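Hello,

Here is the structure I promised to pass on to you. Please have a look at it first, and then read on for my notes.

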Amino acid sequence: MSTLIFVLSAIVPEKHLEVAQKISDWMKPGSFLYFRDYGRYDFGQLNLSNKGNRKLRDNFYMKNDGVCVYYFDK
């Protein structure tokens with residue numbers, strides 16, 4: 001079993017599929033991957049959207065400390 005917590009959101013959206021494939025290739029057959037990440041329209045996204053130039057593209061923002069954050073939908 002592997003767990004990713006707030007990892008995928010820090011990766012450029014265009015690379016999500018590539019990263020997911022690499023993780024899948026790394027995992028042993030029959031294992032599970034659990035991930036928890038930011039959800040679209042949560043407080044963090046709404047807060048960043050009110051700060052002007054923090055939005056890089058749809059659902060992808062830069063926080064004050066320079067960390068990029070993607071907000072996933074279903």
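Let me begin with the charged side chains: the structure holds five salt bridges. Please keep in mind that this is a predicted model, and that the distances and accessibilities below are computed from it.

Two of the salt bridges meet at Glu-18. One of them pairs Lys-15 with Glu-18, and the closest N and O atoms there are 3.5 Å apart. The other pairs Glu-18 with Lys-22, again with 3.5 Å between the closest N and O atoms. Glu-18 and Lys-22 are both part of helix 1, where they sit four residues apart, or about one turn of the helix. As for how open these residues are, Lys-15 is partly exposed at 41% relative accessibility, and Glu-18 is partly exposed at 37%. Lys-22 has a relative accessibility of 54% and so counts as exposed, the cut-off being over 50%.

A further salt bridge links Asp-73 and Arg-40, with 3.3 Å between the closest N and O atoms. Which parts of the chain does this pair tie together? Asp-73 belongs to the segment after strand 5, while Arg-40 belongs to the loop between strand 2 and helix 2, so the pair connects parts that lie 33 residues apart in sequence. Asp-73 is partly exposed, with a relative accessible area of 47%, and Arg-40 is partly exposed as well, at 35% relative accessibility. To come back to the group around helix 1, salt bridges with shared partners join Lys-15, Glu-18 and Lys-22 into one network.

Now to the strands. Strand 1 (residues 2-5) and strand 2 (residues 33-36) run parallel and are joined by four bridges. Within this pair, Leu-4 has Phe-35 in strand 2 as its bridge partner. Between the two strands the chain passes through helix 1 (residues 16-26), and the resulting β-α-β crossover is right-handed.

There is also an open sheet made of three strands, in the order 3-4-5, with antiparallel pairing. Its edge strands are strand 3 and strand 5 (68-70), each of which pairs on one side only. On average, neighbouring strands of this sheet are turned by 30° against each other, with direction ignored. Strand 4 and strand 5 run antiparallel and are joined by three bridges. If you want a place to look, Tyr-61 stands opposite Val-69 in strand 5.

The loop between strand 3 (55-57) and strand 4 (60-62) is worth opening in your viewer, and Asp-58 is found there. Asn-59 lies in that loop too, between strand 3 and strand 4. Are these two residues buried or exposed? Asp-58 counts as exposed, at 59% relative accessibility. Asn-59 counts as buried because its relative accessibility is 11%, and buried means under 20%.

Asn-59 has several partners. Its side chain makes a polar contact of 3.1 Å with the side chain of Gln-45. Setting aside neighbours within four places in sequence, Asn-59 is in contact with Arg-40, Gln-45, Val-69, Tyr-70 and Tyr-71. Among these, Arg-40 is the residue that forms the salt bridge with Asp-73, and Val-69 is the residue of strand 5 that stands opposite Tyr-61. Tyr-71 also comes up for Asp-58: the two are 13 residues apart in sequence, and their C-alpha atoms are 8.8 Å apart in space.

Finally, here are two backbone angles to check before you set anything up. Phi of Asn-59 is near 60°, which is a positive value in a residue other than glycine. Phi of Tyr-41 is near 70°, also a positive value in a residue other than glycine. Tyr-41 has its place in the loop between strand 2 and helix 2 (43-49), and with a relative accessible area of 54% it is exposed.

Happy to talk any of this through once you have had a look.

Best wishes

Terms used. Residues are numbered from 1 along each chain as its sequence is written. This is a predicted model: local features need pLDDT of at least 70, side-chain atom pairs count only at pLDDT 80 or more; totals for chains, interfaces and linings use all residues. Side-chain values use heavy atoms; hydrogens and water are left out. Buried means under 20% relative accessible area, exposed over 50%, partly exposed in between (1.4 Å probe, protein chains only). Two strands pair if DSSP finds at least two bridges between them. Axes are lines fitted to C-alpha atoms, for helices over the stretch in contact, and angles run from 0 to 180 degrees between N-to-C directions. A polar contact is a pair of N or O atoms within 3.5 Å; within protein, one must be able to donate a hydrogen and the other to accept it, and residues adjacent in sequence count only if both atoms are side-chain atoms. Contact means heavy atoms within 4.5 Å. A crossover is right-handed if, with the strands pointing away from the viewer, the path from the first strand over the helix to the second runs clockwise. A salt bridge is a side-chain nitrogen of Lys or Arg within 4 Å of a carboxyl oxygen of Asp or Glu.
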